[in-house]
Amino acid sequence: MTKPLPKLLRKAPIIEAVAEVRFSSSNGNLASTVLPGLLFNDLKEQYPAIQAHPSAQIPSEVKDQNPELRYLPSVVMVGENSSLNVGGAVLGIVVNKPYPGWDSFKALILNVWQVAQKSELIGSIERFSLKYINLIEAPMDSNQLDCTTVKLTLGEYVVTSEPTTVRSELRKGRFITVASIVTQAQSLGANAATGLIVDLDVICNGPFVGSWDEIRTLLEDAHIIEKEVFFNLLTDHTIDRYEPEY
């Protein structure tokens, strides 16, 4: 019998979670200039500060012609433990550590999406994604891959404590999970820690027949897939360290 997935980890290793929507604007470049104001009007108690993103200096004509730049935000709305990245073709909801739990994060996502939909500035949704960045703590000089179920060899050479990056795209139905593992990582700040990064980006590409209604329905599926991949990448011993609740 397959062991059930934990409902949650009491000591979540999540250092950042992001829900992002990429879209085409229904009114040219108005989304990048007007959408932040409309979002602020409805969400100013939660996001009282607005600041320009560094990419705001890039002309919109240049962004539109370069796929790598088109989805960069121009404005960041800052709250206590989360922020909104808003641009002419992107809306990202970012939650920082400590992670509030899926129920709270999902409620935040749906609320912001509702306000964005009401603005009528967003045309067709091109894709949405749910991304989690986790730091699994481990000593810098240890074999950090032992925290995972990943076994890596290069020919006859077994990779152990060497700095390593592994990236793969895992497909399930219409979802693509971009899974990245980076060893020998170190967080910054007062509570700095070392370990390996487990970065999972669950992407669902359009077209979406029901637009907002369809991605609301698919959001829970994306979260389930992220959980399945995450817990399958960790050993039982590693999971137990973070106090799972079943």
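# A guided tour: salt bridges, helix crossings and unusual bonds

Begin by selecting Arg174, which counts as partly exposed at 34% relative accessibility (buried means under 20% relative accessible area, exposed over 50%, and partly exposed in between, with a 1.4 Å probe and protein chains only). What you have open is a predicted model, in which local features need pLDDT of at least 70 and side-chain atom pairs count only at pLDDT 80 or more, while totals for chains, interfaces and linings use all residues. Residues are numbered from 1 along each chain as its sequence is written, and side-chain values use heavy atoms, with hydrogens and water left out.

## Salt bridges

Keep Arg174 selected and add Glu214: their side chains meet in a salt bridge, with 2.9 Å from N to O (a salt bridge is a side-chain nitrogen of Lys or Arg within 4 Å of a carboxyl oxygen of Asp or Glu). Arg174 lies in the loop between strand E10 (165–172) and strand E11 (175–186), whereas Glu214 belongs to helix H5, so the pair ties together parts that are 40 residues apart in sequence. Elsewhere, Glu20, Arg22 and Arg127 are joined into one network by salt bridges that share partners. The element names used on this tour come from DSSP runs, numbered from the N terminus, with helices (H or I) of at least four residues and strands (E) of at least two.

Next, select Arg167 and Glu169, whose side chains form a salt bridge of 3.4 Å, N to O. Arg167 counts as exposed, at 53% relative accessibility, and Glu169 as partly exposed, at 41%.

How many salt bridges does a search of the whole structure find? The search finds twelve, and one more to select is that of Glu243 with Lys11, where the closest N and O atoms are 3.3 Å apart. This pair links distant parts of the chain, 232 residues apart, with Glu243 in the loop between helix H6 (236–241) and strand E13 (244–245) and Lys11 in the loop between strand E1 (8–9) and strand E2 (14–25). Glu243 is partly exposed, with a relative accessible area of 31%, and Lys11 is likewise partly exposed, at 47%.

## Helix crossings

Now turn to the helices and select H4 (residues 102–119) together with H5 (residues 212–233), whose axes come within 11 Å and cross at roughly 165° (axes are lines fitted to C-alpha atoms, for helices over the stretch in contact, and angles run from 0 to 180 degrees between N-to-C directions). H4 and H5 are therefore roughly antiparallel to each other (angles under 35 degrees count as roughly parallel, over 145 as roughly antiparallel, 65 to 115 as roughly perpendicular, and the rest as oblique). The crossing of H4 and H5 is right-handed (the near helix is turned clockwise from the far one by less than a right angle, while anticlockwise would be left-handed). To see the contact (heavy atoms within 4.5 Å), show Trp102, Lys106, Ile109, Leu110, Trp113, Gln114, Ala116 and Gln117 of H4 along with Trp212, Ile215, Arg216, Leu219, Glu220 and His223 of H5. Sorted by class, the contact of H4 with H5 has eight nonpolar, three polar and three charged residues (Ala, Val, Leu, Ile, Met, Phe, Trp, Tyr, Cys and Pro count as nonpolar, Asp, Glu, Lys and Arg as charged, and the others, Gly among them, as polar).

Keep H4 and add helix H1 (residues 30–43), where the two axes come within 10 Å and cross at roughly 130°. That angle makes H1 oblique to H4, and H1 passes H4 in a right-handed crossing. Leu35, Leu38, Leu39, Asp42 and Leu43 in H1 meet Asn111, Val112, Val115, Ala116, Lys118 and Ser119 in H4, and the residues of this contact divide into seven nonpolar, two polar and two charged.

## Backbone details

Select Lys97 and Pro98, which are joined by a cis peptide bond with omega of about 5°; Pro98 has its place in the loop between strand E6 (90–96) and H4. Then move to Gly206 and Pro207, where a cis peptide bond has omega of about 10°, and Pro207 is found in the loop between strand E12 (194–205) and H5.

In the loop between H4 and strand E7 (122–137), select Glu120, a residue other than glycine whose phi is positive, near 60°. Is Glu120 buried or exposed? Glu120 is exposed, with a relative accessible area of 61%.

Finish in strand E11 with Ser180, which is buried, with a relative accessible area of 17%. Leaving aside its neighbours within four places in sequence, Ser180 is in contact with Val166, Arg167, Ile197, Val198 and Asp199.
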